Amino acid sequence: MRITCALHALHTHRTHAACAPHARRTHARSRRRAAFPCSGHADAGLGAQKTLGFTSEVTGEIATVRPDELAEMLGAHSPRSGGRLELVFLNGCCSEELGRAVHAAGVPVVVCWSTLAENSAARIFAMTFFKTYMRGKDYRQAQCAVRMGA
């Protein structure tokens with residue numbers, strides 16, 4: 001599975017979601033929030049640590065980044081650091097340790113897996129979660145929707 005990660009500006013408008021650099025202005029009542037959705041391998045080995053595995057566009061090989069560097073990078077965009085990154089979604093096997101580090105770095109909500117994640121289940125989980133989340137619901141409501149099979 002190829003890793004796909006991007007920092008997105010998510011708007012409470014039902015009709016609009018755009019990548020952060022190209023985000024359009026929304027109605028003054030809209031509350032913009034940013035999320036980092038990441039689906040793919042989260043258990044790539046880097047020494048004794050597990051981390052995200054990114055596919056190199058140049059070589060096609062898996063490239064890794066140290067978990068502490070990822071947590072620091074994401075934390076730099078968190079509300080605690082003056083940013084808008086409210087949610088990091090690590091949809092990959094055994095991503096809990098990295099999720100805890102990202103949360104400790106200041107991201108208020110991190111969704112991750114403490115276990116192995118079967119590909120089709122992970123895909124359904126992500127699609128249902130973000131359909132609900134994009135409708136302006138909070139992450140608790142999105143998790144509830146996943147559990148209810150909505």
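This is a short tour of a predicted model, stop by stop, with a suggestion of what to select at each one.

**Stop 1: the whole chain**

Start with the protein chain in cartoon view. Its secondary structure comes to four helices and ten strands. If you colour from the start of the sequence to the end, you can follow the pattern β-β-β-β-β-β-β-β-α-β-α-β-α-α.

Now switch on the surface. The protein chain exposes about 8900 Å², and carbon and sulfur atoms supply 53% of that area. Of the 150 residues in the protein chain, 37% are buried. Contacts also reach across the sequence: among those between residues at least 6 apart, 47% join residues at least 24 apart.

**Stop 2: the largest nonpolar core**

Hide the surface and select Leu52, Leu74, Leu85, Val88, Leu90, Val102 and Val107 as sticks. These are the residues with the most contacts inside the largest nonpolar core, which has 16 residues. Which elements give two or more residues to this core? They are strand 4 (33-39), helix 1 (67-75), strand 9 (85-91) and helix 2 (96-104). As a general background, nonpolar side chains in soluble globular proteins tend to be buried together.

Next, centre the view on Val88. Setting aside neighbours within four places in sequence, Val88 is in contact with Phe36, Leu74, Val102, Val107, Val109, Val110 and Val111. Selecting those partners one at a time is a nice way to get to know this part of the model.

There is also a second, separate core, made of ten residues. To find it, select Ala35, Leu87, Ala126 and Tyr133, which are among its members.

**Stop 3: helix 3**

Select residues 119-134, which form helix 3. This helix has 16 residues and runs 22 Å from its first C-alpha to its last, close to the 22 Å expected at 1.5 Å a residue.

Which residues of helix 3 are buried? Colour Ala122, Phe125, Ala126, Thr128, Phe129, Phe130, Thr132, Tyr133 and Met134 to see them. Two of these names, Ala126 and Tyr133, you have already met in the second core.

Zoom in on Ala122, whose place is in helix 3. Ala122 has a relative accessible area of 7%, so it counts as buried. Leaving out residues up to four places away in sequence, Ala122 touches Asn91, Trp113 and Ala117. For a distance to try in your viewer, pick the C-alpha atoms of Ala122 and Gly92: they are 30 residues apart along the chain, yet separated by 7.6 Å.

**Stop 4: the salt bridges**

Now look for charged pairs. How many salt bridges are there? The count comes to three.

Begin with Glu96 and Arg100, whose closest N and O atoms are 2.7 Å apart. Both residues lie in helix 2, four residues apart, or about one turn of the helix. Is each of them buried, partly exposed or exposed? Glu96 is partly exposed because its relative accessibility is 29%, while Arg100, at 58%, counts as exposed.

Then select Arg66, Asp68 and Glu69, which salt bridges with shared partners join into one network. Arg66 meets Asp68 at 2.6 Å, N to O, and Arg66 also meets Glu69 at 3.4 Å, N to O. The members of this network are partly exposed: Arg66 at 40% relative accessibility, Asp68 at 40% and Glu69 at 38%.

**Stop 5: the cysteines**

For the last stop, show the cysteine side chains. A disulfide is a covalent bond between the sulfur atoms of two cysteines. A search of the whole structure finds zero of them. Cys93 is in no disulfide, and the nearest cysteine sulfur, in Cys94, is 5.7 Å away.

Why does Cys93 count as buried? Its relative accessibility is 15%, and the cut-off for buried is under 20%. Cys94 has a relative accessible area of 34%, so it is partly exposed. Cys112 also counts as partly exposed, at 29% relative accessibility.

Finish by looking at the backbone of Cys94, in the loop between strand 9 and helix 2. Cys94 has a positive phi of about 50° although it is not a glycine.

Conventions. Residues numbered from 1 in each chain as written. Predicted model: local features only at pLDDT ≥ 70, side-chain atom pairs only at ≥ 80, totals over all residues. Heavy atoms only, no water. Expected span 1.5 Å × (residues − 1). Buried < 20%, exposed > 50% of the residue type's maximum accessible area, 1.4 Å probe, protein only. Core = buried A, V, L, I, M, F, W, Y, C linked by side-chain atoms within 4.5 Å. Contact = heavy atoms within 4.5 Å. Salt bridge = Lys/Arg side-chain N within 4 Å of Asp/Glu carboxyl O. Disulfide = S-S within 2.5 Å. Areas by Shrake-Rupley, 256 points an atom, 1.4 Å probe, with all protein chains shown as cover.
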